[in-house]
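Here are a few exercises to help you find your way around a new structure. Have a look at it first, then try each task before you read the solution.

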Amino acid sequence: MSPRAGHAGHPPRTLAFVESPVQLLNVLEWAHLHGLRGAEPDPLPGTDPLPSVPAQVRRTVAGDPPQTGAELTVVVLSPTDPMTRGQLRRMADLARDEGYRVRWEEARGGTTAPFSTIGGLAGSLRRADRIVMGDPFSRYVQLLLTITRAKDLVVVDDGTATMEFVAQLARGERLVRWHRKGGRPGARDLLFAPVSSSARRRLTPSARRRVEVFSSMPVTETPDGVTVTANDFSWTRARFGPPRITKGADMVGTSLVETGVVDGDAYLGAVRHLAKTHGATRYFAHRRESTDKLHRLAAETGLEIVRPDLPLELIARRGPIGRTVLSFPSTVVHTLPLALAGTGVRVAVCDIDPAWLTENASPRAQGFLSGVTGTARDVHRLATVTRLA
């Protein structure tokens, strides 16, 4: 999407909303591809000073000319989870290094925080020419969409959820996260239904509104009028690496247990089997994995548990990283081959056995997870672990 949305005399004003480190990474990838520059440096209320990141993860190309194009301000709708907040702070600092303005909002800091956040952003939302969002399923984002007058809307990757969002938009369905689909709507869902319906209408292209999806995920059902742009992680590859490759294997964790999809004992057994079979020594924890589960994994598998302070794509690109990276169906089976292109690292994925699913798992869970694996390119598929001893 070209920077064409602005009023005469100034470049388009772009406002990006992110709630996770991966969303912010993909905003940076999108801005890099489209040649956006930072906003004017006048101060914004709510701007949060962040500590500097170490030199090895800072911008590696000195003296780059300033980018031209649309102004970009990134608004971080900060969650409460400490791991996510830590990674977001590091990513926000990288965004500042690229010259973009970052506005940090304590969006969940108490009962009145949402009202204060939305009220404080209302003026910027009305003035914005383009809105970029990482999670169209987010109730926060859906509320913000009811305020904006922007004619350009962009959805950047939020992992595998992007696949489901595009498919639901193409079929005209209500926006529901894949691991919840099939369940009965709760009272809050019913109360919020008008806002969700409004967001879906705004995310549907029209003569007055353009919609772009920026994704590294496979998009098989493209809604009419939606522009799909491929994310090849060119910013990540330009700024980091190439990494040092170790001889062993590393494993990538998943939050499928925490979201109630996979049984905890079955998951631990599968991790133990894969680590023993492939000689894995490190386990890169997902930011949502519980501390108790990780302690148990370390004690029963002997794996070194690593809590990454940046999204895994950047950690892997910076290195060191194992020659083989083992994963269950997740976003990284699509993103790591792109971020590690040309390095010789092999990404191997193990499917989820239906017997591992909990009784509360969505009826769609198995089919969706199989689709995540089946549509991944440049990955090696492992046999499903059925023996957990």
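**Exercise 1: How far to trust the model**

The chain has a mean pLDDT of 82, with 81% of its residues at 70 or more; pLDDT is the predictor's confidence in each residue, from 0 to 100. This is a predicted model, where local features need pLDDT of at least 70 and side-chain atom pairs count only at pLDDT 80 or more, while totals for chains, interfaces and linings use all residues. Residues are numbered from 1 along each chain as its sequence is written, and side-chain values use heavy atoms, with hydrogens and water left out.

Task: find where pLDDT is below 50 over residues 41–69, and count the contacts of this stretch beyond near neighbours in sequence.

Solution. Step one: go to residues 41–69, where pLDDT is below 50. Step two: count contacts, meaning heavy atoms within 4.5 Å; beyond near neighbours in sequence, the stretch has 59 in the model. Step three: check residues 178–182 too, where pLDDT stays under 50 and the model has 22 contacts beyond four places in sequence. Where pLDDT is low, the predicted coordinates should not be read in detail.

**Exercise 2: A strand with two partners**

Task: work out whether most of strand β7 is buried or exposed, and which strands it pairs with.

Solution. Step one: locate β7 at residues 210–215. Helices (H or I, at least four residues) and strands (E, at least two) are DSSP runs, numbered from the N terminus. Step two: look at burial, where buried means under 20% relative accessible area, exposed over 50%, and partly exposed in between (1.4 Å probe, protein chains only). In β7, 5 of the 6 residues are buried, so the strand is largely enclosed by the rest of the structure. Step three: look for pairing, which takes at least two DSSP bridges between two strands. Strand β6 (residues 152–156) runs parallel to β7 and is joined to it by 5 bridges; here Leu 153 has Val 211 as its bridge partner. Strand β8 (residues 226–230) is also parallel to β7, again with 5 bridges, and Ser 215 stands opposite Ala 230.

**Exercise 3: The open sheet**

Task: say in what order the 6 strands of the open sheet stand, and which ones are at the edges.

Solution. Step one: read off the order, β11-β10-β9-β12-β13-β14, with parallel pairing. Step two: find the edges. β11 (304–306) and β14 (379–382) each have a single partner strand, so one side of each is left without a neighbour in the sheet. Step three: zoom in on β12 (residues 321–327) and β13 (residues 346–350), which pair over 4 bridges; Leu 326 sits opposite Ala 348 there.

**Exercise 4: Salt bridges**

Task: find the salt-bridge partner of Asp 250, and decide whether Asp 250 is buried or exposed.

Solution. Step one: apply the rule, a side-chain nitrogen of Lys or Arg within 4 Å of a carboxyl oxygen of Asp or Glu. The count comes to 14 salt bridges. Step two: the partner of Asp 250 is Arg 282, with the closest N and O atoms 2.8 Å apart. The pair links distant parts of the chain, as Asp 250 is in strand β9 (residues 245–252) and Arg 282 in strand β10 (residues 280–284), 32 residues apart. Step three: check burial. Asp 250 is buried at 2% relative accessible area, and Arg 282 counts as buried at 17%.
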